[in-house]
Amino acid sequence: MINQFGIEILEYIEGIGELEAFRGIKKESGIINTVPVKIKSNNSQKVFYSIEEILDKLDLKDGICVSFHHHLRNGDKVLNFIMESLAKRGIKDIMLAPSSVFPVHEPLVEHIMSGCVTKITSSYISGPVAKAISEGKLKYPAILTTHGGRPALIESGKIHIDIAFVAAASSDSMGNINGINGKSAFGTLGYAVADAEYADTTVVITDNLVDYPNAPIDISQIYTDYVLVVDSIGDPSGIVAGTTRITKDPLGLKIAALTSKLIFHSGYFKNGMSFQTGAGGTSLAVAAELAKLMQEKNIKGSFASGGTNSFIVDMLNKNLFEYIFDTQCFDLAAVESYKSNPKHLFMSCSMYTNPNRKGTVADMLDIMILGATEIDKDFNVNVITGSDGYIMGGSGGHSDTAAGAKLSIVVTNLIKTRIPIVKEKITTITTPGESIDVLVTEYGIAINPLRKDIIEKLKNTNLPIVEISELIKTAEKICGIPKEIKFDEKIVALVMYRDGTIIDTVRKVL
């Protein structure tokens, strides 16, 4: 099959099954929802203090699918602990379905090499596991979903989870859980909701067992089979590791200032506006600039959404937004806000941006700020592979929110470490250009020709509006044309768009 971008997509891959090629953005998801009824036994005794006792009660066999959430990010201990226990039991051919994988999960590489783990599906993969996949060490191609596509696949049964292991900052004896009470508090539990609800068996893992009933309840006891009490589920300080700090780069700050002016003139800067930004340094700088502008012009928004950090919390506290919708806390300030502020609201990943639902928060977004590893002449964006061709992340909510927002803005330096970011052709297509409206760089602002309304709004401003082809020429003049990366024929990962179709493939790095 050939998809919309001329990329050859295999109709069938062993261990994965039949594939469908991306043909463009659809108004409705291609994932058909089925709601399985999970029959539970009445477990009067759910609480255990030994992983071995829990494993004895589970239906362990080769080929099972197990899932985890990533709310503790690079501070997580649960995934490694459970996978080590499963490996010791000799379980093989496991399909691993975590919402994200971080450098802390390096022990997974050993499980990949031993054949304990042969399949991985996730919305984001970084660190040593990403490197191993890029080098072809995983038996079957990894499947890289979006944050919204993941619960759609789980709820449809296309990802069938045998056992969901759900880390919780606190739980009672029946498995009512939240992420805000206890020494390992990490905030919301948005990514774990689909896992808990649709897995055949749900095992809560906590280091803080409290009296019944545990409140507030983010995930209810009606989905919990067992509660495992451990010494530690992780280190909350690891939440902030990675891309959750505001940039200090003068060029990044210039881009943020330009973006703020663009938003002001866009027609979407008004009372009641909604806003989301990614966790990259420049994106966070945009949030800081926007806060200044909102205060100056006495503008109050309806809500901010997504993964939440101290910058967004500060905007809520300054009454710049009425509410926050939060699926994941990116730092400890966000954790404390979610715990104490009733206007800091929980949302599941399905509510956030599952394209198969009857309405999502992403569909209500006015303005979305996005990052990019690469962007091409047609505004297609790559946030999965680096300049060396190795996997270094994932779509996360990138494709989802770009499709949902009324104005999706990519902010990026034109050049990073002598490598052009804006180019004729990108390594991997993550987000289709038809859902990207504007690109802001330090060398100017390019508007997607599809957005004639935005072009009209900005034509009489003093903003540096340029064609994206001009930005490509400028980058090539400074850096030259980069050498094309050489890949093996082996497919190591499938890039799945939010509707379940394959938008691109990642091949083994030579």
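**Exercise 1. Identify the residue in β27 that is the bridge partner of Ile491, and describe how the strands around β26 are arranged.**

Solution. In β27, the bridge partner of Ile491 is Arg507. Strands β26 (residues 487–496) and β27 (residues 502–509) run antiparallel and are joined by 6 bridges, where strands are DSSP runs of E with at least two residues, numbered from the N terminus, and two strands pair if DSSP finds at least two bridges between them. The two form a hairpin with 5 residues between them, and Gly500 in the turn has a positive phi of about 90°. Strand β7 (residues 142–144) runs parallel to β26 and is joined to it by 3 bridges; here Ile143 has Leu494 as its bridge partner in β26.

The model is predicted, so that local features need pLDDT of at least 70 and side-chain atom pairs count only at pLDDT 80 or more, while totals for chains, interfaces and linings use all residues. Residues are numbered from 1 along each chain as its sequence is written, and side-chain values use heavy atoms, with hydrogens and water left out.

**Exercise 2. Determine which residues of helix α9 are buried, and on which side of α9 they lie.**

Solution. In α9 (residues 310–317), Ile312, Val313, Met315 and Leu316 are buried (under 20% relative accessible area, 1.4 Å probe, protein chains only). They cover an arc of only 155° around the axis, which puts them on the same side of α9; the arc is that of the directions from the helix axis to the C-beta atoms. The buried residues of α9 pack against several elements, including α8 (281–297) and β15 (321–329), with contact meaning heavy atoms within 4.5 Å.

Technical notes
Buried means under 20% relative accessible area, exposed over 50%, partly exposed in between (1.4 Å probe, protein chains only). Helices (H or I, at least four residues) and strands (E, at least two) are DSSP runs, numbered from the N terminus.
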